[in-house]
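Please open the structure in a viewer and keep the selection panel at hand. The tour below proceeds stop by stop, with a selection to make at each one.

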Amino acid sequence: DYSYQGVKDTAFKRCMEIEKWRRNPKVVHRSIDISNEVYHWLLGFGMKFDCVRPQSIQLSRRQAHHDQHGHNDPSNGPGYVGSYVIETMQEQAEQLGVEVICRTRATALKQDANGAASGVIAQSGGTTYDISAKAVIIATGSFGANKELCQRFFKEEYPDDGYMVRMGSGYSTGDGILM
């Protein structure tokens, strides 16, 4: 809860300094502005937090598994907010009877006669799946780990100088968006 004076400004400044002022300030402000709303939304699903801190700042500035106090920082593995979110959403999906298929990559979107998404073609190992659906949600995590797409769409933020700041997973390569 950013209810006391200056917390949002401090979080914004820290994040921008860590990212060498290469992040879009509107995006950083927006993520800070909605963080309390997202936190309470997750609580509504039964998610429990041991501690709350500015996760994106923690993720972007450390490669190691230890924070400045020498404590284990599970941001690079199970136990951090991202994995808790996944576990909580998996529980919700099971309660709703949703089938979840892991280690399976969607390779193409299916379309109905009107051009609306009606399913996906997916692969897992040597098996190809033809999955029909009433709705398709592309939740691939954007393309923040795809340097070529970042440079294509955000030339100023991602100059071709060999340096790339990214937030989140290295698996966010834009595959779903490209489909």
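Is V100 buried, partly exposed or exposed? The model on screen is a predicted one. Select V100 and display its accessible surface: its relative accessibility is 48%, and V100 therefore counts as partly exposed, since that class lies between the limits of 20% for buried and 50% for exposed.

**Stop 1: the surface around V100**

Keep V100 selected and trace the backbone on either side. V100 belongs to the loop that runs between α4 (81–96) and β1 (105–111). Now add L96 and V98 to the selection. Together with V100, these residues make a nonpolar patch on the surface, and their joint accessible area is about 300 Å².

**Stop 2: from strand β1 to helix α6**

Next, select R105 and D175 and show their side chains. A salt bridge joins D175 to R105, with 2.8 Å between the closest N and O atoms. This contact links distant parts of the chain, as R105 is in strand β1 and D175 is in helix α6 (residues 175–178), 70 residues apart. The two partners fall into separate accessibility classes: R105 is exposed, at a relative accessible area of 51%, whereas D175, at 31%, counts as partly exposed.

**Stop 3: salt bridges of helix α1**

How many salt bridges does the structure hold? There are 4. Side chains of opposite charge can pair when their charged atoms come close.

Select K8 and D33 for another of these pairs. Their side chains meet in a salt bridge with an N to O distance of 3.4 Å. K8 is in helix α1 (residues 7–18) and D33 is in helix α2 (residues 25–44), so this pair ties together parts 25 residues apart in sequence. K8 is partly exposed, with a relative accessible area of 36%, and D33 is likewise partly exposed, at 41%.

Stay on helix α1 and select K13 and E17. These side chains also form a salt bridge, at 3.8 Å from N to O. What separates K13 and E17 along helix α1? They are 4 residues apart, which corresponds to about one helical turn. Coloured by accessibility, K13 is partly exposed at 46%, and E17 is partly exposed at 42%.

**Stop 4: the core between α1 and α2**

Hide the charged side chains and select A11, F12, C15, M16, V28 and I32. These 6 residues constitute the largest nonpolar core. Which elements give two or more residues to this core? They are α1 and α2. Helix α1 provides the largest share, with 4 residues.

**Stop 5: the loop between α1 and α2**

Move to K20 and W21 and inspect the backbone torsions. K20 is placed in the loop between α1 and α2, and W21 is in the loop between α1 and α2 as well. The phi angle of K20 is positive, near 55°, although K20 is a residue other than glycine. W21, which is not a glycine either, has a positive phi of about 60°. The side chain of K20 may be shown here too: K20 is exposed, with a relative accessible area of 52%.

**Stop 6: aromatic pairs**

Finally, display the aromatic rings. The structure contains 4 aromatic pairs. For one of them, select W41 and F45: the ring centres are 4.8 Å apart and the planes are at 75°, so the pair is edge-to-face. W41 is partly exposed, at 48% relative accessible area, and F45 also counts as partly exposed, at 28%.

Then select F143 and F153. Their ring centres lie 5.6 Å apart with the planes at 50°, so this pair is tilted. F143 is located in the loop between β3 (127–132) and α5 (147–153), and F153 is located in helix α5, so the pair ties together parts 10 residues apart in sequence. Is F143 buried or exposed? At 13% relative accessibility, F143 counts as buried, while F153 is partly exposed, with 47%.

To complete the view, add F154 to the selection. Ring pairs connect F143, F153 and F154 into a cluster.

Note on methods
Residues are numbered from 1 along each chain as its sequence is written. This is a predicted model: local features need pLDDT of at least 70, side-chain atom pairs count only at pLDDT 80 or more; totals for chains, interfaces and linings use all residues. Side-chain values use heavy atoms; hydrogens and water are left out. Patches are made of residues with over 30% relative accessible area and no salt bridge: like charges are joined within 9 Å, nonpolar side chains (Val, Leu, Ile, Met, Phe, Trp, Tyr) within 5 Å. Accessible areas come from the Shrake-Rupley method with a 1.4 Å probe; for residues, only the protein chains shown count as cover. Buried means under 20% relative accessible area, exposed over 50%, partly exposed in between (1.4 Å probe, protein chains only). A nonpolar core is a set of buried Ala, Val, Leu, Ile, Met, Phe, Trp, Tyr and Cys residues joined through side-chain atoms within 4.5 Å. Rings of Phe, Tyr and Trp (its six-membered ring) pair if their centres lie within 6.5 Å; planes under 30 degrees apart count as stacked, over 60 as edge-to-face and the rest as tilted.
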